[in-house]
Amino acid sequence: MSGGTVSRRRRFTVPDRAYRFALAAAAALFAALLVAFVTAMAIQAVPAFSTLGASFLWGTVWDPYHNIFGLLPFIVGTLETTAIALFLAVPIGIGTALALAYLVPNGLRAPLSTTVELLAAVPSVVYGLWGLVVVAPFFAVHVEPTLTSLFGWTGLFAGPNQGVGLLLAGVILFIMVLPTLVAISRDVLAAVPREQVEGAMAVGATRWQVLWRVVVPGARTGLLGAFTLATGRALGETVAVALVIGNSAHLATSLKANAATIPSLIVSSFGEATGTQLNVLFAAALVLLVVGIAVNALGRFFVRSVKRSGAASVAVA
Amino acid sequence: MSVTTLDPPEDPVLARRAAIQLAATSSLRRRKAYSTAGIWVCRAFLLIAVIPLLGVILYVVSKGLPAWNVDFFTQVTKPEGIPNGGIKNAIVGSLIIDGIAVAFSVPFGVVGGLFLAESDGRIAGGVRLMADVLTGVPSITIGIFGYIVWVKNVGSYSGLAGAFAISIVMIPVIMRAAETALRGVPGTLSEAALSLGARKFTIARRVVVPAALPGLITGVLLAVARGAGETAPLLFTAFGNQFLQTNPTKPMETMPHTIYTYSSQPYADLVQIAWGTALLLMLVILVLNVGSRLIAARLGRERG
Amino acid sequence: MNDPIVAPIENRGVSLTTQEVLVETGNDTPCVMRLEDVSVSFDGRAAVRGITLDVRQGEVTALIGPSGSGKTTLLRALNRMHDIERSAVVTGHILLGDTDVYARSTDPTLIRARVGMVFQRPNPFPTMTIYENVVSGLRFSGVRNRSLLEEAAESALIAAALWDSVKDRLKSHASTLSGGEQQRLCIARALAVEPEVLLMDEPTSALDPIATKRIEELVVELKDRVTIIIVTHNMQQAMRVSDRCAFLLMGDDKSGELIEFGPTAKLFSEPTDPRTLDYVNGRFG
């Protein structure tokens, strides 16, 4: 390819081949990074499996002093906090997203959306600080006693009102996953084609019926994606949870109990761990990584399939 | 005026119409009540979603501001009980680590973004998915990875290990933002350049990247905001340091780390330092966020 | 008869004896909808103004005119579709039988159950089955009676000439139908609530000629059951299907006004207004 004929000045340039190669190399390096990520973790985890077999993954007791390593309390803790967070985030998130997409005046839409999105900019550790120093005492004095008196009969509210514990971790986690959930949900809800909304209106639906029976179902794949991504975020959240969950290696059966998650376990014991315990922690990190990748990939797949199909795939022959 | 005889009332259409109208009018009150209730519940949820942000900001400002004094910015962290502590070492450490991370992530991320923007094949799709997935991966695992790769092999915690971990946080964010920004450049520009005989590299360097600059800057600033706030990747890489340390091959203190370690301390003066650091960190992140939007808008406007 | 919320049963009422009905002077077809000086404006700028006409029961009334003349805007005002547009203001009177469509005490959902609409592009609900699509209007209106739903669905699908094609696959999704079938599904959906008026906004413009022909045949078949108001930019279509035509044209102030309104045959062969003549002769539009 001849260079430009406008000027004869020597310009620094790079042949197309080399350029494409450089780009591909960067991409390949990136891919290699991800592969190395998983591999390195796996390599460090292998000794745990060879020493203990796979049973430590569901062992119920974590007692490093006696070399007993059971990850079940932490797996359960992770699932419990995630469940609490999602239990709150799904209705409130979808409701908020519906409001932002359809139920607020045009002028308020952008500022309110931005406000919710700013929640995502707050660092995790600041949520932890706020949760520990401000919200925990509030929980201990006001929230937990009220909930215990109302719902104590379910058996979920046994134990003292400490503030910190499973419930607080779940609530803080809910606040943290909310912005992502709302942002994606709002986009997919707003993307439901206007002709669907009009079609429902024209056939006599009330405003709520239009939203609940046509818009939300019409966006369901995207909403599933938002939900999945929120789950991924909740599963992997480390610092905020570590600060407010109370850090106990026992399987928590009460919402007020101290508990721990896999990330909080790693954070609290990695520093001093050696030998088998260290390998077990690597194994735990590997489990976390693999689950995180799988959930995220799934969520992205759902969200992407919405964008590809243009929100409502109706075959028009 | 003339008179019309009616059809017999057993016309099924009419009978149905009457039944339907009856159902519609008799259920109207109920349906309207549900509609109003549903709508207001959603609006209430919106309010609930906004309250925590206001709460966090309120507390960080009210509790953090009193911590800001001269000592805060000029002294290093002191153990509990010793007065006049500050976070100079944390500020410096954050600057150095995040700076190194940016220096590494931006070129890598932009080039990666160029690759994604120029390719549509399955491989590019795979890389894109990898980038998206990496943005959501638990940050503690990134820290562990940094530990394995850097700390274990080198033998000690270091700022460089921390920078490596933060880069892993930043790179996929920059890549995807760069791709979006680069794809946003109208194809006509590069086609025109191509028809003049320019090489692809030249087109990228002189046409596409400059045109995408607002979006690129936005992406970088947002990535930095994200990376600057991360704690977990730093815990077992940069580790922390009570003293001022400017040598990145040694362990360094960072702002998120200070907040983390001081939050759970039973000493009020240390907790106050945590609030002060939180305020500073949030201010930086806010400035980066707002700044990125402003710069993008400004540059976007200038180009018309 | 004066309660605006309860839909007055139309001229062919449910009384057990024959009933004398007061009708319009000059013609013995009752009027199901009446527009008096209707204007629609957005943000203060009128899109269509000063429209006065009456729609007779059992007829097909066409709104014709070049693009921009406000036909669709006017049509959408009839079932209060502009309610979602905050900047829209509708003035004048629109009467559906005895009901003032825009009275404060009138509920829009009830109006829409009496005045159905079919859109330019078929818009069946993608997450619902064919059956669910057809009965959606009934369900929205609070009808729970299973046999009434099924009866209405079958009747509507037969009227829309779709019953034979879909009766064995009522549980499959709407996306399995072709474009023309989907539009007929939308017609069935609108018919299932037994509206008094059916508004059709260029219903064939997204369809191929064969599907178009079938819909046009349908329109003529349906007019006994439900009064039809159809917007079309296709003059031949208007000639084929409509009994009366309203010709709208955008005036100098960029708002649409009614130029001429009358029986189709007369409007096309001997129009009163020269602008109508120009339009039907294809000199513009």
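**Exercise 1. Find which residues I174(B) touches, leaving aside residues up to four places away in sequence, and place I174(B) in the nonpolar core.**

Step 1. Not counting residues up to four places away in sequence, I174(B) touches S105(B), V106(B), G109(B), V110(B), G113(B), G219(B), V220(B) and A223(B), where two residues are in contact if their C-beta atoms, placed from the backbone, lie within 7 Å. The structure is a predicted model, in which local features need pLDDT of at least 70 and side-chain atom pairs count only at pLDDT 80 or more, while totals for chains, interfaces and linings use all residues. Residues are numbered from 1 along each chain as its sequence is written, and chains are lettered from A and ligands numbered from 1 in the order in which they are written.

Step 2. The largest nonpolar core has 285 residues, and I174(B) is listed with V126(A), V244(A) and A285(A) as touching the most other members. Such a core is a set of buried Ala, Val, Leu, Ile, Met, Phe, Trp, Tyr and Cys residues joined through C-beta atoms within 7 Å; a residue is buried if 20 or more other C-beta atoms lie within 10 Å of its own, exposed if 12 or fewer, and partly exposed in between.

**Exercise 2. Describe how chain B meets chain A, and how helix 1 of chain A lies against helix 3 of chain B.**

Step 1. In this interface, 66 residues of chain B are in contact with 74 residues of chain A. Helix 1 of chain B gives the largest share of the side of chain B that touches chain A, namely 19 residues. By type, that side divides into 46 nonpolar, 13 polar and 7 charged residues, where Ala, Val, Leu, Ile, Met, Phe, Trp, Tyr, Cys and Pro count as nonpolar, Asp, Glu, Lys and Arg as charged, and the others, Gly among them, as polar.

Step 2. The axes of helix 1 (residues 16-52) of chain A and helix 3 (residues 88-118) of chain B come within 8 Å and cross at roughly 110 degrees; axes are lines fitted to C-alpha atoms, for helices over the stretch in contact, with angles from 0 to 180 degrees between N-to-C directions. These two helices are therefore roughly perpendicular to each other, since angles under 35 degrees count as roughly parallel, over 145 as roughly antiparallel, 65 to 115 as roughly perpendicular and the rest as oblique.

Step 3. Among the residues that make this contact are F30(A) of helix 1 of chain A and F108(B) of helix 3 of chain B. The residues of the contact divide into 10 nonpolar, 1 polar and 1 charged.

**Exercise 3. Work out which strands of chain C pair with strand 1, and follow R34(C) through them.**

Step 1. Chain C has 10 helices and 10 strands, which are DSSP runs numbered from the N terminus (helices H or I, at least four residues; strands E, at least two).

Step 2. Strand 1 (residues 31-42) of chain C runs antiparallel to strand 4 (residues 88-96) of chain C, with 8 bridges between them, and it is also joined by 8 bridges to strand 2 (residues 45-56) of chain C, again in the antiparallel sense. Two strands pair if DSSP finds at least two bridges between them.

Step 3. R34(C) has L95(C) as its bridge partner in strand 4 and D54(C) as its bridge partner in strand 2. In addition, F42(C) is bridged to A88(C) in strand 4.

Step 4. Strand 4 of chain C also pairs with strand 5 (residues 99-100) of chain C, antiparallel and over 2 bridges, and L96(C) has T99(C) as its bridge partner there.

**Exercise 4. Locate D43(C) and A161(C), and decide whether each is buried, exposed or partly exposed.**

Step 1. D43(C) is found in the loop between strand 1 and strand 2 of chain C, and its phi is near 50 degrees, a positive value in a residue other than glycine. D43(C) is exposed because 9 other C-beta atoms lie within 10 Å.

Step 2. A161(C) is found in the loop between helix 4 (146-159) and helix 5 (163-166) of chain C, and has a positive phi of about 60 degrees although it is not a glycine. A161(C) is partly exposed, because 18 other C-beta atoms lie within 10 Å.
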